[in-house]
Amino acid sequence: MVGTTAGTVSVEDLTEALMDVVDPELGIDVVNLGLIYGIHIDESDVATIDMTLTSAACPLTDVIEDQARTATDGLVQDLRINWVWMPPWGPDKITDDGRDQLRALGFNV
């Protein structure tokens with residue numbers, strides 16, 4: 001994941017907050033699933049998150065966007081999600097913690 005910080009909130013703080021955003025289908029947070037490709041914070045504390053989903057046909061973008069806004073409320077002035085599809089998401093993007101969480105839920109990863 002790539003990040004740039006210009007305001008008062010750090011990429012690390014925002015990443016930590018985004019761990020509260022859970023993919024409704026898999027039950028794992030978007031950070032450990034590897035769905036966050038980049039976080040950019042400008043000098044006005046407006047964050048833009050480059051994010052993907054496990055499938056471009058996923059109907060849950062609004063749910064995930066609402067969760068992200070709630071999770072980052074108070075940290076940034078505004079949050080923008082830039083939905084990206086390249087490179088496509090794959091299981092190789094899941095973190096080790098994410099793999100452990102998926103295994104605990106019965107997934108074979």
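Biologist: Okay, so helices here are DSSP runs of H or I with at least four residues, strands are runs of E with at least two, and both are numbered from the N terminus. With that settled, where is Asp20 found?

Modeller: Keep in mind that this is a predicted model. Asp20 is in the loop that runs between helix 1 (11–18) and strand 2 (36–41).

Biologist: Is Asp20 buried or exposed?

Modeller: Asp20 is exposed, and its relative accessible area is 58%.

Biologist: Which residues gather with Asp20 in a patch on the surface?

Modeller: Glu12, Asp13 and Glu16 join Asp20 there, and the patch they form is one of negative charge.

Biologist: Let's stay with helix 1. Which of its residues are buried?

Modeller: Val11, Leu14, Thr15, Ala17 and Leu18 are the buried residues of helix 1. If you look down the axis of helix 1, those residues fall within an arc of 160°, so they line one face of the helix.

Biologist: And what does the face turned away from that buried side carry?

Modeller: That face of helix 1 carries Glu12 and Glu16, which are exposed. Both of them also belong to the negative patch with Asp13 and Asp20.

Biologist: Switching to salt bridges, how many are there?

Modeller: The count comes to 5 salt bridges.

Biologist: Which residues are linked in a network?

Modeller: Salt bridges link Glu65, Arg69, Asp78 and Arg80 in a network. Within it, Glu65 pairs with Arg69, with their closest N and O atoms 3.7 Å apart. Arg69 also meets Asp78 through their side chains, at 3.4 Å from N to O.

Biologist: How are Glu65 and Arg69 placed in helix 2?

Modeller: Glu65 and Arg69 are 4 residues apart in helix 2 (residues 61–72), so about one helical turn separates them.

Biologist: How accessible are Glu65, Arg69 and Asp78?

Modeller: Glu65 is partly exposed, at 21% relative accessible area. Arg69 is partly exposed too, at 36%, and Asp78 is partly exposed at 29%.

Biologist: What does Lys93 meet in a salt bridge?

Modeller: The side chain of Lys93 meets that of Asp92, at 3.9 Å from N to O. Lys93 is partly exposed, at 27% relative accessibility, whereas Asp92 is exposed, with a value of 60%.

Biologist: Now for something nonpolar. Which residues make the nonpolar surface patch?

Modeller: Leu105, Phe107 and Val109 make that patch, which covers about 250 Å². Val109 is in the segment after helix 3 (96–104). Val109 is partly exposed, with a relative accessible area of 34%.

Biologist: Back to the loop after helix 1 for a moment. Is Leu33 buried or exposed?

Modeller: Leu33 is buried, with a relative accessible area of 0%. Leu33 lies in the loop between helix 1 and strand 2, which is also where Asp20 is found.

Biologist: One last thing: how far apart are Leu33 and Asp78 in space?

Modeller: Their C-alpha atoms are 24 Å apart, and in sequence Leu33 and Asp78 are separated by 45 residues.

Methods. Residues numbered from 1 in each chain as written. Predicted model: local features only at pLDDT ≥ 70, side-chain atom pairs only at ≥ 80, totals over all residues. Heavy atoms only, no water. Patch = residues over 30% accessible without salt bridge, like charges linked within 9 Å, V, L, I, M, F, W, Y side chains within 5 Å. Areas by Shrake-Rupley, 256 points an atom, 1.4 Å probe, with all protein chains shown as cover. Salt bridge = Lys/Arg side-chain N within 4 Å of Asp/Glu carboxyl O. Lys, Arg positive; Asp, Glu negative; His and termini not counted. Charge placed at Lys NZ, Arg CZ, Asp CG, Glu CD. Buried < 20%, exposed > 50% of the residue type's maximum accessible area, 1.4 Å probe, protein only. Arc of directions from axis to C-beta.
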